[in-house]
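Biologist: Before I plan anything at the bench, I would like to go through this model with you, one question at a time. Could you show it to me first?

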Amino acid sequence: MKKFFGILAIAIAIGFAQSASAQKSATFNLKMTVDKYIEAMASPVDFNFGTTQHTILKAEELCGNIGSWNLAYANCPFSVTISGNNGANQGVPRFARQETGAHGGDWDILNTVYDINFTTNGVTSSFAGFLGYLGARDFPRTKNYGEAPHNGQIRMDMKAFVNTVANCLLDHGISIKGTLIDPNFKNSDSADAGEYTCSMVVTLAAL
Amino acid sequence: MKKRMKLLLFLVLLMPLICCSQDIVLSNINIPGKTSVGVINGAVLGENLLGPKRIIFVWEQGDLQKIQTEKKSSKFTVETSHVEKIPTLYSGRIFSPGIIEPFVFKDKTQEELSILEVKVFPIRLEEPYTLFIDLIVQVSSEPVKSNKSIDAGDYTAKISIKLIEF
């Protein structure tokens, strides 16, 4: 016990000696936090993919224009969710148009397939992953981007394939509207000429 | 008993060292383009000092920064890291009331402070004095439009201010 108090006394003496021997420097540990922040471009955006062309496969097909947008700023990893709807209220971004005229009223609904890509940090990646393309039936769909865009920039580009025979299986269940002379055709077997629309919502969230 | 003795010895010996380190937490940047400031007033640089002193700024990290490590895996995992820095400006004054003329610095970068020749001369050479510092640390992030970005996260820096006899 005596030994203990002896050592303790020496330790205290050394401690006081250090304190008294003038503090000669000060260290400052600085810390601050940059919050996660995402800002999306102004919307809604109107984009026209173009007009169909008649093909030898007897269909009006559209391999649409490519739309490209500086979609958002984000300083953190993020997720993208794409959803959509159409006039027929199908809950997916599939092109549709209501037939007009005295004998109309039904919806002409077109097989719709998308090629959507996001570019961050100079790398472009498909929203569909290894599939490459997505049928309208695959929406809503979410994909996570685990690395923050270090310059903050997120670019999105998109192309639509509408009523195309080559890709139609990706939006299966929606038949290709042919341009055939066939008395058995129902209203829904033919796509009336005109403008077809749908809406798409792209939502970004911080991870 | 031996363990308690060792612990006491450790605490008593380290106490003066622990007391010298001070934390400054700057306000968060929650919107790009915002400025963040941290202030510490009247921090003690040295006590019971005698005679003139030279002051140097020693940096472990001058600009607030964070090291980001990311794992990328395909067939095998690759770990990459990079340092994200926010330009940091320092302002403040070193003073001892009634003993020395305050030394004031404003909006200095790490590099600018490193080359500053700061010397303090007490009015009364034989009288012990205490040297204080007021330190203001300021960082600004880029607004969204500038096409530059500061990644979200915690940023840190460490400065030591040392007094040297001359």
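Biologist: Which residue in S8(B) is the bridge partner of Gly46(B)?

Modeller: Please keep in mind throughout that this is a predicted model. Strand S2, residues 35-49 of chain B, runs antiparallel to strand S8, residues 129-140 of chain B, and ten bridges join the two. Within S8(B), the residue that bridges to Gly46(B) is Leu131(B).

Biologist: How many bridges join strand S5 of chain B to S8(B)?

Modeller: Strand S5 covers residues 88-96 of chain B and runs antiparallel to S8(B). One of its residues, Phe95(B), has Phe132(B) as its bridge partner in S8(B). The number of bridges that join S5 of chain B to S8(B) is eight.

Biologist: In what order do the elements of chain B run from the N terminus on?

Modeller: Chain B contains two helices together with nine strands. Read from the N terminus, the order of these elements is α-β-β-β-β-β-β-α-β-β-β.

Biologist: What share of the contacts in chain B between residues at least 6 apart in sequence join residues at least 24 apart?

Modeller: An example of a link between distant parts of the chain is the salt bridge in which the side chains of Glu165(B) and Lys53(B) meet, at 3.1 Å from N to O. Glu165(B) lies in strand S9, residues 153-165 of chain B, and Lys53(B) in strand S3, residues 53-73 of chain B, so that the pair is 112 residues apart. For contacts in chain B between residues at least 6 apart in sequence, the share that joins residues at least 24 apart is 72%.

Biologist: Is Lys53(B) buried or exposed?

Modeller: A residue counts as buried when its relative accessible area is under 20%. Lys53(B) has a relative accessible area of 1%, and therefore Lys53(B) is buried.

Biologist: Which residue forms a salt bridge with Glu127(B)?

Modeller: Side chains of opposite charge can pair when their charged atoms come close. Glu127(B) is partly exposed, with a relative accessible area of 31%, and its partner also counts as partly exposed, at 35% relative accessibility. The closest N and O atoms are 2.6 Å apart, and the partner of Glu127(B) is Arg124(B).

Biologist: How far apart are the closest N and O atoms of Asp189(A) and Lys186(A)?

Modeller: Asp189(A) counts as buried at 19% relative accessibility, whereas Lys186(A) is exposed, with a relative accessible area of 55%. The two residues form a salt bridge, and the distance between their closest N and O atoms is 4.0 Å.

Technical notes
Residues are numbered from 1 along each chain as its sequence is written. Chains are lettered from A and ligands numbered from 1 in the order in which they are written. This is a predicted model: local features need pLDDT of at least 70, side-chain atom pairs count only at pLDDT 80 or more; totals for chains, interfaces and linings use all residues. Side-chain values use heavy atoms; hydrogens and water are left out. Helices (H or I, at least four residues) and strands (E, at least two) are DSSP runs, numbered from the N terminus. Contact means heavy atoms within 4.5 Å. Two strands pair if DSSP finds at least two bridges between them. Buried means under 20% relative accessible area, exposed over 50%, partly exposed in between (1.4 Å probe, protein chains only).
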